[in-house]
Each structure stands twice: as C-alpha cells, then as structure tokens.
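Open the model in your viewer and keep the sequence panel beside it. This tour tells you what to select next and what is there.

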Amino acid sequence: MSNDDMNWYGPEAATFGDRVAAAREAAGMTQAQLARRLGVKKSTLTGWEQDLSEPRANKLTMMAGLLNVSMGWLLTGEGEGMDAPAGEQVPQDLAAILTELRQLREEMRGNVERAARLEKRLRLVIEGVPQ
C-alpha cells in the first residue's frame with residue numbers, strides 16, 4: 001500500500017481513539033477542555049482516546065459537533081473528517097502492524113472476559129453454590 005493509497009485515519013491505520021485525539025488536537029483543545037465541554041470526566045475522555053471504552057451516542061454526537069467532524073468519520077475514518085497530516089510519511093508496513101495490534105487488543109479483551117467468567121465460577125464454587 002502506498003502512502004497515497006492509505007487512508008491515514010481509516011480503520012486500517014487508526015482507531016476510534018486515534019481519530020478523537022487527532023480531531024481534538026486539530027481543534028486546539030486539551031483533553032480537559034473537551035471533557036468539560038462534553039460534560040464528562042477527563043479520565044472518561046482519556047479512556048475513549050486510548051480505546052478502553054466508547055462514548056454513548058449522545059456524547060458521540062456532541063463530540064462530532066465540537067470537533068467539526070462527522071460521527072461516521074469518528075467511528076470509521078470515512079466521511080467528513082480530517083486529511084492526513086501534511087508531510088507525514090507512512091511506513092510501508094504500518095497497516096500490517098496496526099492490524100496485528102488491533103487483533104492482539106481483541107484477543108486481550110476476550111481473555112479479560114474469560115478471566116472474569118472463571119473468577120465468577122470460582123467464587124460460586126468457594127461459596128458452595130451448585131452450578
């Protein structure tokens with residue numbers, strides 16, 4: 001994939017959190033400023049930017065308006081949003097690395113859910129609750 005063919009903020013190259021952070025920075029806002037305008041804690045916004053959680057629809061709508069991008073662009077990287085940073089060079093294997101990272105993150109989420117189920121089962125066994 002050449003640099004010209006790559007959608008810098010598309011799903012192959014960026015996550016939802018990457019797009020939120022880039023749009024916030026392009027709008028000249030700090031995390032604290034955007035969080036305050038959205039009526040959420042800074043830690044909540046940080047979680048969104050780090051892809052640890054996602055906003056509800058009403059906050060997503062507000063965020064898109066405040067950042068002057070479409071909701072579709074925030075979610076998928078397609079639609080009214082931002083162009084690639086000027087002068088940025090994308091390494092040839094960036095998409096492959098990001099895809100692998102995304103797969104790893106999904107595997108980790110799955111393992112966290114699996115561990116939570118096992119902890120619940122263990123707690124029930126310890127408490128003597130029949131399964």
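Where is N68 found? Select N68: the residue is in the loop between α4 and α5. We will come back to this stop.

**Ground rules**

This is a predicted model, with residues numbered from 1 along each chain as its sequence is written. Local features need pLDDT of at least 70, side-chain atom pairs count only at pLDDT 80 or more, totals for chains, interfaces and linings use all residues, and side-chain values use heavy atoms, with hydrogens and water left out.

**The whole chain**

Show the chain as a cartoon. The secondary structure comes to six helices and zero strands. Helices here are DSSP runs of H or I with at least four residues, strands are E runs of at least two, and both are numbered from the N terminus. Now colour by burial. Buried residues make up 31% of the 131 residues. Buried means under 20% relative accessible area, exposed over 50%, and partly exposed in between, with a 1.4 Å probe and protein chains only. Contact means heavy atoms within 4.5 Å. Among contacts between residues at least 6 apart in sequence, 58% join residues at least 24 apart.

**Stop 1: helix α1**

Select residues 16-26, which form α1. This helix is mostly covered: eight of its 11 residues are buried. They are F16, G17, R19, V20, A21, A22, A23 and R24. These buried residues pack against α2, α3, α4 and α5. Step past the helix to G28, which follows α1 and has a positive phi, near 75 degrees.

**Stop 2: α1 against α3**

Add residues 42-49, helix α3. The axes of α1 and α3 come within 7 Å and cross at roughly 120 degrees. Axes are lines fitted to C-alpha atoms, for helices over the stretch in contact, and angles run from 0 to 180 degrees between N-to-C directions. The two helices are therefore oblique to each other. Angles under 35 degrees count as roughly parallel, over 145 as roughly antiparallel, 65 to 115 as roughly perpendicular and the rest as oblique.

Show side chains. On the α1 side, pick F16, G17, D18, V20, A21 and R24; they meet L45, W48 and E49 of α3. By class, this contact has five nonpolar, one polar and three charged residues. Ala, Val, Leu, Ile, Met, Phe, Trp, Tyr, Cys and Pro count as nonpolar, Asp, Glu, Lys and Arg as charged, and the others, Gly among them, as polar.

**Stop 3: helix α2**

Select residues 31-38, helix α2. Which of its residues are buried? Q31, L34, A35 and L38 are. Look down the axis: these buried residues fall within an arc of 100 degrees, so they line one face of the helix. The arc is that of the directions from the helix axis to the C-beta atoms. Turn to the face pointing away from the buried side, and you find the exposed residues R36 and R37. The cover over the buried residues of α2 includes α1, α3 and α4 (57-67). Just after α2 comes G39, with a positive phi near 75 degrees.

**Stop 4: α2 against α3**

Keep α2 and α3 on screen. Their axes come within 8 Å and cross at roughly 110 degrees. That makes α2 roughly perpendicular to α3. The contact joins Q31, A32, L34, A35 and L38 of α2 with K42, L45, T46, W48 and E49 of α3.

**Stop 5: the core**

Select F16, L34, W48, M63, L67 and L74. These have the most contacts inside the largest nonpolar core, which has 17 residues. Such a core is a set of buried Ala, Val, Leu, Ile, Met, Phe, Trp, Tyr and Cys residues joined through side-chain atoms within 4.5 Å. α1, α2, α3, α4 and α5 (71-76) each supply at least two residues of this core. α4 gives the most, with four residues.

Centre on L34. Not counting residues up to four places away in sequence, L34 touches R24, M29, L45, M63, L66 and L67.

**Stop 6: two loop residues**

Most residues other than glycine have a negative phi. Select D51, in the loop between α3 and α4. Its phi is positive, near 60 degrees. D51 is buried, with a relative accessible area of 12%. Return to N68, whose phi is also positive, near 60 degrees. N68 is exposed, with a relative accessible area of 69%.
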